[in-house]
Each structure stands twice: as structure tokens, then as C-alpha cells.
Amino acid sequence: MKYALVTGGSRGIGRAVCVKLHEMGYHVLINYLSNETAAKETLALIGGEGTLMPFDVGNADAVQASLQDWAGKHPGEYIEVLVNNAGIRRDNLLIWMERNEWDSVLDTSLGAFFNVTKAVLQPMLLHKFGRIVNVASLSGIKGLPGQTNYSAAKGGLIAATKALAQEVAKKRVTVNAVAPGFIRTDMVEGLNEEELRKDIPAGRFGTAEEVASVVGFLSSADASYITGEVISVNGGLYT
């Protein structure tokens, strides 16, 4: 059995990625923090052929404990695909930003990349095969006002993607990122879609499934010579 771990897999892009990887033949480990109802909905979408894994990606001890427990129950098996998707927004102008708004966003995106990737990387290297896909953002490439914390987290994730890719390429482990623009999920709730889509050459917001298709490709054998790349999925908004 092949295993894939998707952090923040209960909703939005994470849910679509879980469905895509299931279609590709993976037993999907669905990580979530607290919304068990949504996680079970994702599990139902893949016919129950997955495993719910509740833990806080920003808590190194919680990550280690959960993944060690999984490894102990699956001797000889390993997670060959990791999708670092978990992330939150706490938008504010920097002059008004509270410390917890900075820390929580950095911990859930960039800190989580370190916590989870470090926990699953060694088996990938030992088996000489692995796929790591990091879900970044347009905000991490362009920078968006009111999102200094989010831009810092996603920009750091992009830089980490490029660095780690060079460290592990000889072991046939690839590390890539996707950078979604405006995707119709709960992450864009409260934004004025009617106004924003005027600036998007494609004239619309994207879908979670369109992002998941790119993640699926980067997770496949067809992408074995692609590493250290960041693929934008933004309808031409920023190139």
C-alpha cells in the first residue's frame, strides 16, 4: 500500500488534494486540527479508504508523537508523498498586527513545514523515493498588503522548497511548491470576488480541484525530473 499525508486535509484545497491522491492509488492520511466533522466528510469522499490523523502541525511534539505512533503500527511502510497544505490567515496591517497574529501564521505554515517534513523525510531518503509538495501562495511570491505575516510564511516556504530540493535530489526525492492565487475556498471568504476578478486575466477565481491537479502531477512519477520549482495557479494574475 502507498501512503500520502496531507496536512490541513479536511477542507478546501487540502480536501481536493486528498481526493486526487486517492484517485492515484494512495491511502491518504488526512491531517486536521479540530474540525473532525469536516475531516470525516473528506474521508467519506474517498470511500473511507484513508486515515484521520488529528494533530497540530505547529506543535513539534504533537507531530512527532502522532507520526511515530503511525510508524510503529506500520512497520516496513512509509509515507512516500507529503503535501504541506495547512495554513491560516490572520490579515492585518503590520502597524496594527498583534504578536499572536504573526506567530500563529508563521507556526502553522513555515513552522509546520519543518515539523512535518523532518518527521517523514528520513524514510523517503532510505527508500530512495519521495514527493514533497508545499502549498505556498501568490502572497509569498508577490507580497500582498495586509498579509505581511502570511507573505512572510509563504515566501519562507518557497525558499525552503528550493533549498531542500537541492539537499535530497540525489536520493530521488523531489520537493516542489504550488502557489495558488484566488481559489474559491473558505480562505477567501470576506473578499470581494466581483471586484477582484476584474484584475485576473482568466476572469474568475480558481477551484481547489485545479490546484489539486497540479499537486497530483508533482506527486507522480511523470514529475521525477522536476524539483525546486514553484508553479503558480492564479489565472495569469501574476507571472
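Buried denotes a relative accessible area under 20%, exposed one over 50%, and partly exposed a value in between (1.4 Å probe, protein chains only). The model on display is predicted: local features need pLDDT of at least 70, side-chain atom pairs count only at pLDDT 80 or more, and totals for chains, interfaces and linings use all residues. Residues are numbered from 1 along each chain as its sequence is written, and side-chain values use heavy atoms, with hydrogens and water left out.

**Whole chain**

Begin with the complete protein, shown as a cartoon. It contains 8 helices and 7 strands; helices (H or I, at least four residues) and strands (E, at least two) are DSSP runs, numbered from the N terminus. Along the principal axes, the C-alpha atoms fill a box of roughly 50 × 35 × 35 Å. The radius of gyration is 17 Å, which agrees with the value near 18 Å for a compact globule of 239 residues; this radius is taken over C-alpha atoms, and the globule rule is 2.2 Å times the number of residues to the power 0.38. Of the 239 residues, 46% are buried.

**The loop before H4**

Next, select Leu 93, Ile 95 and Trp 96, which make a nonpolar surface patch of about 400 Å². Patches are made of residues with over 30% relative accessible area and no salt bridge, with like charges joined within 9 Å and nonpolar side chains (Val, Leu, Ile, Met, Phe, Trp, Tyr) within 5 Å. The areas come from the Shrake-Rupley method with a 1.4 Å probe, and for residues only the protein chains shown count as cover. Centre the view on Ile 95, in the loop between strand S4 (79-84) and helix H4 (99-127). Ile 95 counts as exposed because its relative accessibility is 68%.

**Helix H4 and its end**

Proceed to H4, a helix of 29 residues. From first C-alpha to last it reaches 41 Å, close to the 42 Å expected at 1.5 Å a residue; the expected span is 1.5 Å times one less than the number of residues. Where is the kink in H4 centred? Select Asp 107: the kink there is about 45 degrees, the bend at a residue being the angle between axes fitted to the seven residues ending there and the seven starting there.

Lys 128 follows H4 and has a positive phi, near 55 degrees. Lys 128 belongs to the loop between H4 and strand S5 (130-135), and its relative accessibility of 44% makes it partly exposed. Add Asn 234 to the selection: its C-alpha atom is separated by 33 Å from that of Lys 128, with their positions 106 residues apart along the chain.

**Salt bridges**

A salt bridge is a side-chain nitrogen of Lys or Arg within 4 Å of a carboxyl oxygen of Asp or Glu. By this rule the count is 7; three stops follow.

- Lys 40 and Glu 36: the salt bridge has an N to O distance of 3.3 Å. Both residues lie in helix H2 (residues 36-45), 4 residues apart, about one turn of the helix. Lys 40 is partly exposed at 47%, as is Glu 36 at 39%.
- Lys 73 and Asp 69: N and O are 3.2 Å apart in this salt bridge. The two are separated by about one helical turn because they are 4 residues apart in helix H3 (residues 60-73). Lys 73 is exposed at 59%, whereas Asp 69 is partly exposed at 43%.
- Arg 204 and Glu 210: the closest N and O atoms of this salt bridge are 2.7 Å apart. Arg 204 is partly exposed at 40%, and Glu 210 is partly exposed at 31%.
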